[in-house]
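Have the sequence and the 3D view open side by side. Try each question yourself before you read the reply.

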Amino acid sequence: MMDADAFAARLAAIEDRIEKACRRAGRARAEVTLVAVSKTFPLEAVEEARAAGLVDFGESRAQELKEKAERLPGRWQGGSVRWHMIGHLQRNKAKEVVALADTFHALDSLRLAEELDRRAAQASRTLPCFVQVNVSDEETKFGLTPHNTEAFLDQLADFDHLHVMGLMTLASPADDPEAVRPEFRRLRRLAEGYRGALGPLGALSMGMSGDFEVAIEEGATHVRVGSALFGSRA
Ligand SMILES: *Cc1c(COP(=O)(O)O)cnc(C)c1O
């Protein structure tokens, strides 16, 4: 069990930092959604965070999303929270995400898009998605290359049951958040420069515990904050 007062204090400190980053960037606080990344923490932690006023929660594994969202349903099922699936997804888990997630942040292949679209059609819903782009120069991560992103986005226009909100990235690990500012900026420019079949891309999912303020200054609409809220993961 978390200490409710300690959680409230951490949340207030993060809220303050988000507000200040918005102010520095001349943005409204309402433009930024705080996604509380609850992976590895028990459902009780989510419930306590919900009681403290948080609505959006992120999970990175389909199985863990399932365990939590079956007990605490998301908005699209009439519940009071929004579940964001933020991690890489295998096609054989697409069904769970369509059944339980409100938003998917890690769309990175056409075959996965096909499967999600097919499942979403069966479920009579539209799944809001972000396309994951690897804007760092690391080779091991998931995501489209910037070069391939535009063509991929155009192909997604054929899927009636996916709603592409924008782009998502995982920045390189860095001690100094300023070091990843160019990556966030690159993602924003990629989204702003897109003139294809999907129309304007309004949303950017970028920034985590170590770098969310820089991400907000660079245009993030969704920051995914885990350890700074819930504590370090075992
Ligand atoms: C775990 C995770 C986060 C949150 O990381 P923290 O450093 O704990 O804030 C954000 N995005 C993704 C995709 C993650 O897997």
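The questions below go through a predicted model, from its pocket to single residues.

Q: How much space lies in the largest pocket?
A: The largest pocket has a lining of 25 residues. K39, L170, M208, R224 and R233 lie nearest its centre. The space in this pocket is about 490 Å³.

Q: How many residues of the lining of the largest pocket are charged?
A: The lining holds 25 residues. They divide into three groups. The nonpolar group has 10 members and the polar group has 10. The charged residues number five.

Q: Which side chain has a polar atom 2.5 Å from an oxygen atom of the ligand?
A: Start with the residues that surround the ligand, among them S209, G226 and R233. G226 has a polar backbone atom 2.8 Å from a ligand oxygen, so look at side chains instead. R233 has a side-chain N or O atom at 2.8 Å from a ligand oxygen. The side chain at 2.5 Å belongs to S209.Q: Which strands do the buried residues of α2 pack against?
A: Helix α2 covers residues 43-51. Its buried residues are L43, A45, V46, E48 and A49. They pack against the helices α1, α3 and α9. The strands they pack against are β2 and β3.

Q: Which residue follows α2 and has a positive phi?
A: Helix α2 runs over residues 43-51. The residue that follows has a phi near 110°. This residue is G53.

Q: Is E64 buried or exposed?
A: E64 lies in helix α3. Its relative accessible area is 10%. Buried means under 20%. With 10%, E64 therefore counts as buried.

Q: Which residue has the backbone nitrogen that the side chain of E64 reaches at 2.6 Å?
A: Leave out residues up to four places away in sequence, and E64 touches S38, K39, T40, F41 and E59. The side chain of E64 reaches a backbone nitrogen at 2.6 Å. That nitrogen belongs to T40.

Q: What is the phi of T40?
A: T40 is in the loop between β1 and α2. Most residues other than glycine have a negative phi. T40 is not a glycine, yet its phi is positive. The value is near 75°.

Q: What is the relative accessible area of D56?
A: D56 is found in strand β2. Leaving aside neighbours within four places in sequence, D56 is in contact with T33, L34, V35, A36, R82 and H84. D56 is buried. Its relative accessible area is 5%.

Q: Which side chain makes a polar contact of 2.6 Å with the side chain of D56?
A: The side chain of D56 has a polar contact with the side chain of R82, at 2.7 Å. It also has one at 2.6 Å. The partner at 2.6 Å is H84.

Q: Is S124 buried or exposed?
A: S124 lies in the loop between α5 and β5. It is not a glycine, but its phi is positive, about 50°. Its relative accessibility is 64%. The cut-off is over 50%, so S124 with its 64% counts as exposed.

How values were computed: Residues numbered from 1 in each chain as written. Predicted model: local features only at pLDDT ≥ 70, side-chain atom pairs only at ≥ 80, totals over all residues. Heavy atoms only, no water. 1 Å grid on protein atoms, 1.4 Å probe; cavity = no way out; pocket = protein on both sides within 12 Å on 5 of 7 lines; lining within 4 Å. Points joined across faces, edges and corners; volume = space filled by probe spheres on them. Nonpolar A, V, L, I, M, F, W, Y, C, P; charged D, E, K, R; others polar. Buried < 20%, exposed > 50% of the residue type's maximum accessible area, 1.4 Å probe, protein only. Helix = DSSP H or I, 4+ residues; strand = E, 2+ residues; numbered from the N terminus. Contact = heavy atoms within 4.5 Å. Near = heavy atom within 4 Å. Polar contact = N/O pair within 3.5 Å; in protein donor to acceptor, adjacent residues only side chain to side chain.
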